[in-house]
Amino acid sequence: MALRELRERLAAEGLEIPSEEAWVEAARHRAHSPWFVAVLAGAGGWIAALLVAAGLTLLFRPTDAGLLGLGVALVLGATAGRLFARGPFGIQLALAASLAGQGMIAVRLLDDVIARRPGPWLVLAGMEAVLVVVFADPVHRFLSALAGAVFLRFALFEARLDPWAPGALGAALLAVWAAPGRAFRPPAATLRRPLGYGLAVAFAGAFVWPIVEPLVHAGLEGAERAAALAAQRNAAAAVAAVALGIAGARALARLRITLGSAAGTAFLLGGAGIVAVGTRAPGVPAALAIMALAVEAREPILFWIGAAAGTGFLSWWYYDLSATLLAKSALLAASGLVLLAARAFVRRRRAP
Amino acid sequence: VTDPLQTPARPETIAALRLEGRALERALDLAAEGPDRRTWAAVLDRTLLVAGALLVLSGVVCFFAWNWADLHRFAKLGIVAGGLAGTGVAALAIGVDRLAGQVLASAAAALAGVLLAVYGQAYQTGADSWELFGAWALLALPFALAARFPALWALWLAIVNAALLLWAAAWDVGGEATAWLVAATNGAAWAAWEALAVPLAWMRHRALPRVLSIAALAPLLVPSVAWAVREQGVSGLFPLALLAACAAALALFVRVRRDLFVVAVALAAAIAFATVLAGERLDHVAGDGGILLTGLILVGEIALAVWWLAILHRRSP
């Protein structure tokens, strides 16, 4: 919704609103830079953090305890610095110093990761959760949300709670994007988008793990392991189906479309087909859930995150199918024709 | 003049309004409200069209990747030629001024390449790969000209790039000459697109020229970085050309045609080169401290770039 439409609707409801000049000023304020500026700042921050961390380590050659202390000091100093930083150098330095500090803490805590304990991963996930809130920077918040979700993923893996990971991340994603707008009133207003983007990438990434993990541990198959992998895939498929169902049902309810109507029936049929695909490729309905949330939230960047993830998962699924190229070719063409037929049907229904 | 109040209502923007009480809650709720049925239908329409067309095309490609040795060569050529003619005729029937027609024209252009590959396979023409891609570019050109569809032009330019790279490999042209060739080709395509976008409205979408800005600068950046780390035999002309191209891009896309994406790409390329150059020199001068100094220099460069881009963004219409 554009600011002008919002202003008109608030005025129509008789609510007290500021002058048009104040709205123009707010439009100019634009707390968020374009996405590519955030990418530049984030990528630059990461590389600078690596250089700063390596430089400090080489200069001071700290002990294990010293490394942890230096890391904590850097994170605390950067968080405080970011609160007061007004100039561009201070803001970028705080970002790089915080990332460098987090890297040092992670290196120290995960030093004995071979012990396969979830504790260090949980500590890191907790640290990132705190930083999402207190480090008032959109790029840092995105990176912290993503890193926190990844650390949580590994904590669950070490605790042998793998199947819960997509569900936990899906619940967090829905909580952020399906929450009413008033849930993000100031000062939390700047939280929603970086946190939501980070969780979306992490949620999509959670469906990459069941693909990657069997490849990493190839040759270690056994009955117990096969059962664990099957449980992981089934849980992921269930989570993806539920997420897609919630995202779709939310849109239908808002648009006042009943399940008995033509659009509702099409949603049920399409959803059933997607969920069927999801039993073999859970990432596909998960990506579609992100795309549905994006359309509902009018978030183009979120939509592209979902579209990119969906393309990747679908490509992998076709590639990984135990079928001849001829069968794959037929399946690809047939599914494409089904989508094109669905489009033609929708257009005909909507034609005056 | 662009209306500033057409800016999307985000929570951050609403926070800047300093609304209170019920007005604030209602504004936040309304801003988070989803779009109407028409918008949903438009998104569904485009998603189904693009996903459906890509799946069908992928199916066609998989079909030709299948070991179809049992088919007679006439059958093979007939199937592809039939697909090419079918998509071409359908594109004309629907009209290349509509999205569906443009997607069909793109499919026909892609099938033209498949036809050449099948012909080469069936008759063992002995042609090099670069010749196949060159001929494909020639055959696809009329479709691209007719469809006036940026995505099809992106495909055409990708084919041209592939032809150039394969030609350079086949003739042992060398890394430097290849970099010059690819940079010049993509740079010329970029300049032509920007010039033609003035009179031609369909070329004003910024996606392709943005991709071309990366495709033109990257072949200059890689050898420039190699020169900065004193790799032997790399010409010093690359950094000069890179910096000149970045400067030209900044001047044009800040002052003449405001496009902050291209400005960000040019700044990123210049920063990458400058940081590697500084890091290499400081490593010799400052020892262990050189890495830390390089990190701080990078912080400064990115800070300046982000600060400038933020100012330009606020001043953009």
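Helices in what follows are DSSP runs of H or I with at least four residues, numbered from the N terminus. With that convention in place, Asp172(B) can be located in the loop between α7 (150–170) and α8 (175–196) of chain B, in a model that is predicted. The backbone of Asp172(B) has a phi near 50 degrees, a positive value in a residue other than glycine. Because exposure begins over 50% relative accessible area, Asp172(B), at 69%, counts as exposed.

Chain B, to which this loop belongs, has a secondary structure of 12 helices and zero strands, so that reading from the N terminus on gives the run α-α-α-α-α-α-α-α-α-α-α-α. Among these elements, helix α5 (residues 99–123) of chain B contains 25 residues, and the 36 Å from its first C-alpha to its last is close to the 36 Å expected at 1.5 Å a residue. Just after α5(B) comes Gln124(B), which takes a positive phi of about 45 degrees.

The overall dimensions of chain B can be set beside those of a simple reference. For 317 residues, a compact globule would have a radius of gyration near 20 Å, whereas chain B has 25 Å, and the C-alpha trace of the chain spans about 70 × 65 × 40 Å along its principal axes. Of the 317 residues of chain B, 45% count as buried, while the accessible surface of the chain comes to about 15,400 Å², with 68% of that area belonging to carbon and sulfur atoms. When contacts in chain B between residues at least 6 apart in sequence are considered, 62% of them join residues at least 24 apart.

The interior may be approached through a general tendency: in soluble globular proteins, nonpolar side chains tend to be buried together. In this model the largest nonpolar core has 94 residues, and those that touch the most other members are Leu124(A), Trp156(B), Trp190(B), Leu242(B), Val263(B) and Leu309(B). Helix α11 (residues 260–286) of chain B gives the most to this core, contributing 11 residues. Apart from this core lies another, of 55 residues, among them Leu173(A), Leu191(A), Ala243(A) and Leu302(A). To follow one member of the largest core in more detail, Trp190(B) touches Pro209(B), Leu212(B), Ser213(B), Ala216(B), Ala249(B), Phe253(B) and Val262(B), when residues up to four places away in sequence are not counted.

Chain A offers several local features for comparison. Arg61(A), in the loop between α3 (35–60) and α4 (64–84) of chain A, has a phi near 40 degrees, again a positive value in a residue other than glycine. With a relative accessible area of 56%, Arg61(A) is exposed. Elsewhere in chain A, a cis peptide bond joins Pro186(A) and Pro187(A), with omega about 5 degrees, and Pro187(A) lies in the loop between α8 (164–177) and α9 (192–206) of that chain.

A residue within a helix of chain A completes the tour. Ser144(A) lies in helix α7 (residues 138–158) of chain A, and at 1% relative accessibility it counts as buried. Leaving aside its neighbours within four places in sequence, Ser144(A) is in contact with Gln102(A), Glu128(A), Leu131(A) and Val132(A).

Technical notes:
Residues numbered from 1 in each chain as written. Chains lettered and ligands numbered in written order. Predicted model: local features only at pLDDT ≥ 70, side-chain atom pairs only at ≥ 80, totals over all residues. Heavy atoms only, no water. Core = buried A, V, L, I, M, F, W, Y, C linked by side-chain atoms within 4.5 Å. Buried < 20%, exposed > 50% of the residue type's maximum accessible area, 1.4 Å probe, protein only. Helix = DSSP H or I, 4+ residues; strand = E, 2+ residues; numbered from the N terminus. Contact = heavy atoms within 4.5 Å. Expected span 1.5 Å × (residues − 1). Rg over C-alpha atoms; globule rule 2.2 N^0.38 Å. Areas by Shrake-Rupley, 256 points an atom, 1.4 Å probe, with all protein chains shown as cover.
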